[in-house]
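Please read the following report alongside the sequence and the model. It takes up helix packing and then turns to a loop, the cysteines and the chain as a whole.

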Amino acid sequence: MVGLSDRNEQTPADGEPDDLAVEGEALLPADLEKGPLRRCIATGTVQPKDGMIRFVVSPDGEIVPDLEERLPGRGLWLSGDKAAFTKALAKNMFAKAARRAVRVPPDLAERLEKLLERRCLDAFGLARRAGQALAGYEKVREALKTNQVGRAGPPYLLVEASDGSPDQRGKITALAPDMPVVDLFDAAAMAAALGRENAVHAVVARGKLAKGLARDSARLKGIKGFVAGSPPAGHVSNV
């Protein structure tokens with residue numbers, strides 16, 4: 001076992017205190033290899049920050065999402081799921097973590113959802129323009145069968161329209177049953193992101209854009225539906 005207090009190299013950047021040095025807590029070496037870790041202000045759990053969302057306090061005292069993780073100030077990290085978000089709001093966790101009075105916008109969840117949706121669709125469109133994504137039923141089938149997305153490399157992520165045909169989707173996913181699938185967006189949103197008239201099936205090649213899309217989609221899945229109080233429309237599986 002490796003104590004968290006021994007992990008000096010894990011001290012967060014941007015002036016954040018080392019929240020990992022908590023007496024009595026330890027993680028297996030394999031866990032420590034997953035990357036930078038952060039503590040969720042709502043649950044108290046320490047986990048890889050890839051599944052979390054960073055917030056900061058703006059100069060005027062408002063809580064704002066920092067999806068780029070670049071804004072100055074102490075980061076307030078929250079697990080990317082509805083339960084943690086609900087608890088953080090209900091228990092005034094942002095103010096407690098910031099150790100000061102803060103203002104939480106009433107539409108914070110809605111803002112966050114829209115920001116994540118925009119990031120996902122922008123990354124999806126950029127992957128298409130960079131030649132790292134293909135759309136169309138036959139093109140996606142061919143990419144999965146040959147394990148190659150054009151000249152970009154092996155496929156990493158499937159993007160399926162939430163309102164697409166279940167039968168066709170089943171035929172696509174059967175070709176790569178272990179591949180992550182994002183189905184958080186309808187065909188119209190996918191088509192707009194790709195600059196096409198129609199888009200129901202797409203595949204993204206392995207790389208930075210695909211990994212970023214997978215991460216943001218997983219965070220969006222956890223938050224999506226918070227405002228309406230209903231289950232998420234669509235899901236991200238195996239991400």
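## Helices α5 and α6

In this predicted model, helix α5, which spans residues 137-146, and helix α6, which spans residues 166-173, have axes that come within 10 Å and cross at roughly 20°. Because angles under 35 degrees count as roughly parallel, α5 is described as roughly parallel to α6. On the α5 side the contact is made by Tyr137, Val140, Arg141 and Leu144, and on the α6 side Gln168, Lys171 and Ile172 take part.

## Helices α4 and α8

A second pair is formed by helix α4 (residues 108-129) and helix α8 (residues 208-223), whose axes come within 9 Å and cross at roughly 155°. Since an angle over 145 degrees counts as roughly antiparallel, α4 is roughly antiparallel to α8. The crossing in which α4 passes α8 is left-handed.

The residues of α4 that make this contact are Ala109, Leu112, Glu113, Leu116, Glu117, Arg119, Cys120, Ala123, Phe124, Leu126 and Ala127, while α8 contributes Leu209, Leu213, Asp216, Ser217, Arg219, Leu220 and Ile223. Cys120, one of the α4 residues in this contact, counts as buried, with a relative accessibility of 1%.

## The loop at Gly195

Is Gly195 buried or exposed? With a relative accessible area of 67%, which is over the 50% cut-off, Gly195 is exposed. Gly195 belongs to the loop that runs between α7 (187-194) and β11 (201-205). In sequence, Gly195 is separated from Arg129 by 66 residues, whereas in space the C-alpha atoms of Gly195 and Arg129 are 9.4 Å apart. Arg129 closes the range of residues assigned to α4, 108-129.

## Cysteines

The structure contains 0 disulfides. Cys40 has a relative accessible area of 1% and is therefore buried, the cut-off for burial being a relative accessible area under 20%. For Cys120 the relative accessibility is likewise given as 1%.

## The chain as a whole

The secondary structure of the chain consists of 8 helices and 12 strands. The chain has 239 residues, of which 45% count as buried, and its accessible surface comes to about 12000 Å², with 52% of that area belonging to carbon and sulfur atoms.

Among the contacts in the chain with a separation of 6 or more, 63% are accounted for by residues that lie 24 or more positions apart.

Definitions and conventions
Residues are numbered from 1 along each chain as its sequence is written. This is a predicted model: local features need pLDDT of at least 70, side-chain atom pairs count only at pLDDT 80 or more; totals for chains, interfaces and linings use all residues. Side-chain values use heavy atoms; hydrogens and water are left out. A disulfide is a pair of cysteine sulfur atoms within 2.5 Å. Buried means under 20% relative accessible area, exposed over 50%, partly exposed in between (1.4 Å probe, protein chains only). Helices (H or I, at least four residues) and strands (E, at least two) are DSSP runs, numbered from the N terminus. Contact means heavy atoms within 4.5 Å. Accessible areas come from the Shrake-Rupley method with a 1.4 Å probe; for residues, only the protein chains shown count as cover. Axes are lines fitted to C-alpha atoms, for helices over the stretch in contact, and angles run from 0 to 180 degrees between N-to-C directions. Angles under 35 degrees count as roughly parallel, over 145 as roughly antiparallel, 65 to 115 as roughly perpendicular and the rest as oblique. A crossing is left-handed if the near helix is turned anticlockwise from the far one by less than a right angle, and right-handed if clockwise.
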